[in-house]
Structures are given as structure tokens and as C-alpha cells.
Amino acid sequence: MSELTFTMIKPECVSGKHIGEVIARIEKAGFAIKALRMVHMTRKDAETFYAVHKERPFYGELTEYMSSGPVVAMVLEKENCIKAYREFIGATNPKDAAPGTIRRDFGSSIQFNCVHASDGPDTARAEIKFFFSDRDLVG
């Protein structure tokens, strides 16, 4: 079944000039890009987006980092998109990610792992809504 997911190219991957290569890999893997935008989140934006992690010890560091530079937010579509995309990008820790995955090739740590990905349908819907309106989604 075709479904949507949310992904975000993180600040270190944007500043490292890897946007084009990451997007090319996404498209070559058969994911359709339904919406795309570059944005520089404020600290408050990052705190709201990652509110689910508020009680976790890494929350402050995460929100500071995610508001440190521009990100590229995208909505992707494919059959079983959430699971397929998470497998495609690799494990959260780049050292544990399979060779040839985005996180293995561009990530350097659990935090600096190049891309964020929704972990389930409810999360995907909420994260898409955070960055995009219904009219922003194409086709």
C-alpha cells in the first residue's frame, strides 16, 4: 500500500553540501518526492518538533543542533514508505548502518546522522503537518 513519510536532511548534511546527492539517491530508490522545502528552524521550532523527546537527556543538545542551520524537509511516497525509507537510510548510529546507506555514507554519529525519518504513521502525519499544508503536497 502506498503511504507517505517525512524526512529531513539535517544541518551538517546541508552545510556539507550533500543535499543533491541525498535527494538523487532517494529518487533512484523509487521514493516520490511529494513536497520539499529548505527552512532554518528556530530553537522554539526545534523544541516543538522534538517535544516527544523533552524528558530525554539529549533534548537540549538536539534542539540546539537542529536549529543551528538550515534543514531540507521532504514528504516522500512509496509502497510501505515508512519501513522502506528507514531501511534505506540505515541504522540511527552510522557505525551500525549497512554499507551504501545514507547514514553510513554521510553520518558521523548518532546525532550527526544526516537525516531524520518518521518512525510510524502517526508520527509521519504529525511531522508532515508541522512543515507542510495539504496544498503543499503535489500529485
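## Strands, cores and one disulfide

Alanine 35 sits across from valine 75 in strand 3. That pairing belongs to a predicted model, in which strand 2 (residues 32–39) and strand 3 run antiparallel and are joined by seven bridges. Here's a quick tour of the sheet, the cores, helix 5, a couple of buried residues and the cysteines.

**Strand pairing**

- Strand 3 also pairs with strand 1: the two run antiparallel, with eight bridges between them.
- On that side, methionine 8 is the residue opposite alanine 73 in strand 3.

**Nonpolar cores**

- The largest nonpolar core has 19 residues, and the ones touching the most other members are Ile9, Val22, Ile26, Tyr85, Ile102 and Val115.
- Two or more residues of this core come from each of helix 1 (11–15), helix 2, strand 3, helix 5, helix 6 and strand 4.
- Helix 5 chips in the largest share, at four residues.
- There's a second, separate core of 17 residues, with Ala46, Phe49, Tyr50 and Phe131 among them.
- Back to isoleucine 9: leaving out residues up to four places away in sequence, it touches Val14, Ile19, Val22, Ile23, Val71, Val72, Met74, Cys114 and Val115.

**Helix 5, a two-sided helix**

- In helix 5 (residues 81–89), the buried residues are Cys81, Ile82, Tyr85, Phe88 and Ile89.
- These residues lie on the same side of helix 5 because they span an arc of only 130° around the axis.
- The face turned away from that buried side holds Lys83 and Glu87, both exposed.
- Packing partners for the buried residues of helix 5 are strand 1 (2–9), helix 2 (19–28), strand 3 (71–79), helix 6 (102–106), strand 4 (115–117) and helix 7 (121–131).
- Right after helix 5 comes glycine 90, with a positive phi near 95°.

**Isoleucine 23**

- Isoleucine 23 is part of helix 2, and at a relative accessible area of 16% it counts as buried.
- Beyond its neighbours within four places in sequence, isoleucine 23 is in contact with Ile9, Ile33, Leu36 and Met74.
- Take the last of these: isoleucine 23 and methionine 74 are 51 residues apart along the chain, yet their C-alpha atoms are separated by 9.6 Å.

**Histidine 116**

- Strand 4 is where you'll find histidine 116, a buried residue with a relative accessible area of 11%.
- Its side chain makes a polar contact of 3.4 Å with the side chain of tyrosine 50.
- Not counting neighbours within four places in sequence, histidine 116 is in contact with Phe6, Thr7, Met8, Lys10, Phe49, Tyr50, Tyr85, Arg103 and Glu127.

**Cysteines**

- The model has one disulfide, formed by cysteine 13 and cysteine 114 with their sulfur atoms 2.3 Å apart.
- The torsion about that S-S bond is about -50°, so the disulfide is left-handed.
- This link ties together distant parts of the chain, 101 residues apart: cysteine 13 is in helix 1, while cysteine 114 is in the loop between helix 6 and strand 4.
- Both cysteine 13 and cysteine 114 are buried.
- Cysteine 81, by contrast, is in no disulfide: the nearest cysteine sulfur belongs to cysteine 114 and is 17 Å away.
- Cysteine 81 is buried too, with a relative accessible area of 0%.

Note on methods:
Residues numbered from 1 in each chain as written. Predicted model: local features only at pLDDT ≥ 70, side-chain atom pairs only at ≥ 80, totals over all residues. Heavy atoms only, no water. Buried < 20%, exposed > 50% of the residue type's maximum accessible area, 1.4 Å probe, protein only. Arc of directions from axis to C-beta. Contact = heavy atoms within 4.5 Å. Polar contact = N/O pair within 3.5 Å; in protein donor to acceptor, adjacent residues only side chain to side chain. Core = buried A, V, L, I, M, F, W, Y, C linked by side-chain atoms within 4.5 Å. Pairing = 2+ DSSP bridges. Disulfide = S-S within 2.5 Å.
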